[in-house]
Amino acid sequence: MLRGRVGLTGPAEHSRRCPTSAEGIGGPFTIRFVTIRAVIFDWGGTLTPWHTVDHEALWRGVCGQHFPERADALAAAIWAAELGLWQATGDTRASATLDQVFDRAGLVPTEAFLASYFEAWDPHTFTDPEVPPLLRDLRERGLRVGVLSNTMWPRSAHERVFARDDVLGLIDGAVYSSEIPWAKPHPKAFLAAMAAVGVDDPGACVFVGDRPYDDVHGAKRVGMRAVLIPNSDVPPFESAAPDAVITRLSELPRHLDTW
Ligand SMILES: [Mg+2]
């Protein structure tokens, strides 16, 4: 349900006048009904179940394989660089990359080092078993399936995970913030995800994510519907009101049925 989008028309939508608001906001105003054409998912904590990971310990393990004589110091430097870049993303919405992490840490990683790093993540990246049947259902409904992830990883790392879990072919378009200048909740990140799935109307998109600020607030701000799948480690953002809250992905279709 969108407010304040008076005058937008199109073949897949219609509007009605509301004399009063059922949600505490004064009318009259126009509510716009739009056929949903795409569902775009966050990745970490959404398509893949949330894992609490000790990042510095993970780096220490990788560094121990390749630089055993200075593993602790190098891991600390890499983690400090990564944390600093994530904090900068939180402050500015500018995206960051693993290359920037290594540059800050003064490391030129080998292919073997990178392979070890991504292997170390393997136990934490398994796709929720409810995802393949859900994505097939969405595609059978004629919906486009997208992914928008705040990530420093390159596309190849994400596609390896999706291919491993047999879902890569079920995704019509994906945007990884490492490939664009912005991260969620910057509106341009959401617009890039819409372009990736070939939909130009945010009102025809549903965004599903686990972060009230980055995902729900960000999606709502550009005019998408937003579904929250909460996990306990993500901070709340009280003013982000999702259109639905689900506890597991298999609950999504019954909400789509009402839209
Ligand atoms: Mg997430």
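A residue is called buried here if 20 or more other C-beta atoms lie within 10 Å of its own, exposed if 12 or fewer do, and partly exposed in between, with C-beta atoms placed from the backbone. The structure described is a predicted model, in which local features need pLDDT of at least 70, side-chain atom pairs count only at pLDDT 80 or more, and totals for chains, interfaces and linings use all residues. Residues are numbered from 1 along each chain as its sequence is written.

## Overview

The protein contains nine helices and eight strands. Helices (H or I, at least four residues) and strands (E, at least two) are DSSP runs, numbered from the N terminus. The protein has 259 residues, of which 37% count as buried. Two residues are in contact if their C-beta atoms, placed from the backbone, lie within 7 Å. Among contacts between residues at least 6 apart in sequence, 62% join residues at least 24 apart.

## Helix α2 and its two sides

Helix α2 comprises 22 residues, 71-92. The expected span of a helix is 1.5 Å times one less than its number of residues. For α2 this gives 32 Å, and the end C-alpha atoms are 31 Å apart, which agrees.

The buried residues of α2 are Leu-74, Ala-75, Ile-78, Ala-81, Glu-82 and Thr-89. They lie on the same side of α2, because they cover an arc of only 130 degrees around the axis; the arc is that of the directions from the helix axis to the C-beta atoms. On the face turned away from this buried side, α2 carries the exposed residues Ala-73, Gln-87, Gly-90 and Asp-91. The cover over the buried residues of α2 includes α1 (55-66) and α3 (98-105).

## Packing of α1 and α3 on α2

Axes are lines fitted to C-alpha atoms, for helices over the stretch in contact, and angles run from 0 to 180 degrees between N-to-C directions. The axes of α1 and α2 come within 8 Å and cross at roughly 135 degrees. The two helices are therefore oblique to each other; angles under 35 degrees count as roughly parallel, over 145 as roughly antiparallel, 65 to 115 as roughly perpendicular and the rest as oblique. The crossing of α1 and α2 is right-handed, where a crossing is left-handed if the near helix is turned anticlockwise from the far one by less than a right angle, and right-handed if clockwise. From α1, the residues His-55, Glu-56, Trp-59, Arg-60, Cys-63 and Gly-64 take part in this meeting. Their counterparts in α2 include Leu-74, Ala-75, Ile-78, Trp-79 and Glu-82.

The axes of α2 and α3 come within 8 Å and cross at roughly 130 degrees. That angle makes α2 oblique to α3. This crossing is right-handed. The contact joins Ala-77, Ile-78, Ala-81, Glu-82, Gly-84 and Leu-85 of α2 to Gln-100, Val-101, Arg-104 and Ala-105 of α3.

Arg-104, located in helix α3, is partly exposed, with 16 other C-beta atoms within 10 Å. When residues up to four places away in sequence are not counted, Arg-104 touches Ala-81 and Gly-84. Arg-104 and Ala-77 are 27 residues apart in sequence, and their C-alpha atoms are 8.2 Å apart in space.

## Helix α8

Helix α8 (residues 212-222) is mostly covered, with eight of its eleven residues buried. Among them are Pro-212, Val-216, Ala-219 and Val-222. The buried residues of α8 pack against α7 (187-197), and also against β6 (205-209) and β7 (225-228).

## Backbone features

Most residues other than glycine have a negative phi, and most peptide bonds are trans. The table gathers three residues with a positive phi.

| Residue | Phi | Place |
|---|---|---|
| Arg-93 | about 65 degrees | loop between α2 and α3 |
| Asp-166 | about 60 degrees | loop between α6 (155-164) and β5 |
| Gly-223 | about 105 degrees | just after α8 |

Arg-93 is not a glycine, and neither is Asp-166. Arg-93 counts as buried, with 20 C-beta neighbours inside 10 Å, whereas Asp-166 has 11 such neighbours and counts as exposed.

A cis peptide bond joins Lys-184 and Pro-185, with omega at about 10 degrees. Pro-185 lies in the loop between β5 (173-176) and α7.
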